[in-house]
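Thanks for coming. I will go through one structure and stop at a few residues along the way.

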Amino acid sequence: MPAASIVPIKKKKCKPFILEVMVMNPEADFKFELSVERSCTTDNESVWKLVFDLYKKNTKGEFVQIVHVSYRAQTPEEAKGIESTAVNGASKKQADIAFKEVHPPAKQIGESGTASPELEAKVIKGMAKIAISN
């Protein structure tokens with residue numbers, strides 16, 4: 001039996017990108033976009049994020065961004081789910097969660113200009129559910 005095991009490790013290839021996976025108009029004068037973002041650490045490891053941007057139509061009829069949520073995967077399961085969303089697109093279940101669980105508190109935050117701990121918790125919980133609900 002050899003005294004040591006020597007295995008060469010090839011450099012991992014992490015390539016950052018941003019991919020829009022869903023655009024939805026949940027109600028009049030509002031739209032949101034859901035994107036998947038992949039960034040890379042200095043060790044070339046992938047960092048997966050879900051990004052939720054909420055827009056409201058202004059008096060000129062233009063959509064203006066009122067809320068930005070960048071949710072970083074907290075578990076390997078979430079990272080795998082976000083990666084799967086980048087490959088397969090957003091599922092109906094993910095769209096339902098974004099519409100019913102993320103949009104309402106995000107809208108409240110955007111319209112009030114403040115994020116209470118309760119509203120932040122609702123947004124975070126919804127983003128976590130989207131991450132694992134392919």
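Asp96 is in helix H2. Bear in mind throughout that this is a predicted model. With a relative accessible area of 27%, Asp96 is partly exposed. Its side chain meets that of Lys92 in a salt bridge, with 3.2 Å from N to O. Why are Asp96 and Lys92 separated by about one helical turn? Because they sit 4 residues apart in helix H2. Lys92 is exposed, at a relative accessible area of 63%. For a sense of distance, take Ser39: its C-alpha atom and that of Asp96 are separated by 26 Å, and the two residues are 57 apart along the chain.

Salt bridges come next. Side chains of opposite charge can pair when their charged atoms come close. How many salt bridges does the structure hold? The number is 6, and the one between Asp96 and Lys92 has just been described.

Another joins the side chains of Lys107 and Glu27, at 2.9 Å from N to O. This pair links distant parts of the chain, since Lys107 is in helix H2 and Glu27 is in strand E1, 80 residues apart. Is Lys107 buried or exposed? Its relative accessibility is 18%, so Lys107 counts as buried. The cut-off for buried is under 20%. Glu27, at 31%, counts as partly exposed.

There is also a salt bridge between the side chains of Lys31 and Glu33, at 3.8 Å from N to O. Glu33 has 14% relative accessibility and therefore counts as buried.

Now a charged residue without such a partner. Arg38 is in strand E2, which covers residues 30–40. Arg38 is buried yet has no salt bridge. Which side chain of opposite charge is nearest to Arg38? That is Glu83, 6.1 Å away. A salt bridge needs a nitrogen within 4 Å of a carboxyl oxygen, so a distance of 6.1 Å does not qualify. Arg38 does have a polar contact of 2.9 Å, from its side chain to the side chain of Ser46. Leaving aside neighbours within four places in sequence, the residues in contact with Arg38 are Lys13, Cys14, Lys15, Pro16, Phe17, Ser46, Val47 and Trp48.

On to helix H3, residues 117–132. What span should its 16 residues have? At 1.5 Å a residue the answer is 22 Å, and the end C-alpha atoms are 23 Å apart, which agrees. The buried residues of H3 are Leu119, Val123, Gly126, Met127, Ala128, Ile130 and Ala131. What covers them includes strands E2, E3 (46–57) and E4 (63–72), along with helices H1 (76–88) and H2 (92–112).

Two of those buried residues, Met127 and Ile130, come up again in the core. Nonpolar side chains tend to be buried together in soluble globular proteins. Here the largest nonpolar core has 28 residues, and those with the most contacts inside it are Leu34, Leu50, Phe52, Met127 and Ile130. Two or more residues of this core come from each of strand E1 (17–27), E2, E3, E4, H1, H2 and H3. Ile130 shows how some of this looks from one residue. Not counting residues up to four places away in sequence, Ile130 touches Leu34, Leu50, Gln94, Ile97, Ala98 and Val102.

The loops are next, starting with Ser91, between H1 and H2. Which residues does Ser91 touch, not counting those up to four places away in sequence? They are Ser133 and Asn134. A polar atom of the Ser91 side chain lies 3.2 Å from the backbone oxygen of Ser133. Lys49 is 42 residues from Ser91 along the chain, and their C-alpha atoms are separated by 17 Å.

Last, two backbone angles. Asp29 lies in the loop between E1 and E2, and Asn44 is in the loop between E2 and E3. Phi of Asp29 is near 70°, a positive value in a residue other than glycine. Phi of Asn44 is also positive, near 70°, and Asn44 is likewise not glycine. As for accessibility, Asp29 is partly exposed, with a relative accessible area of 40%, while Asn44 counts as buried at 17%.

That is the end of my list.

Key
Residues numbered from 1 in each chain as written. Heavy atoms only, no water. Buried < 20%, exposed > 50% of the residue type's maximum accessible area, 1.4 Å probe, protein only. Lys, Arg positive; Asp, Glu negative; His and termini not counted. Polar contact = N/O pair within 3.5 Å; in protein donor to acceptor, adjacent residues only side chain to side chain. Contact = heavy atoms within 4.5 Å. Expected span 1.5 Å × (residues − 1). Core = buried A, V, L, I, M, F, W, Y, C linked by side-chain atoms within 4.5 Å.
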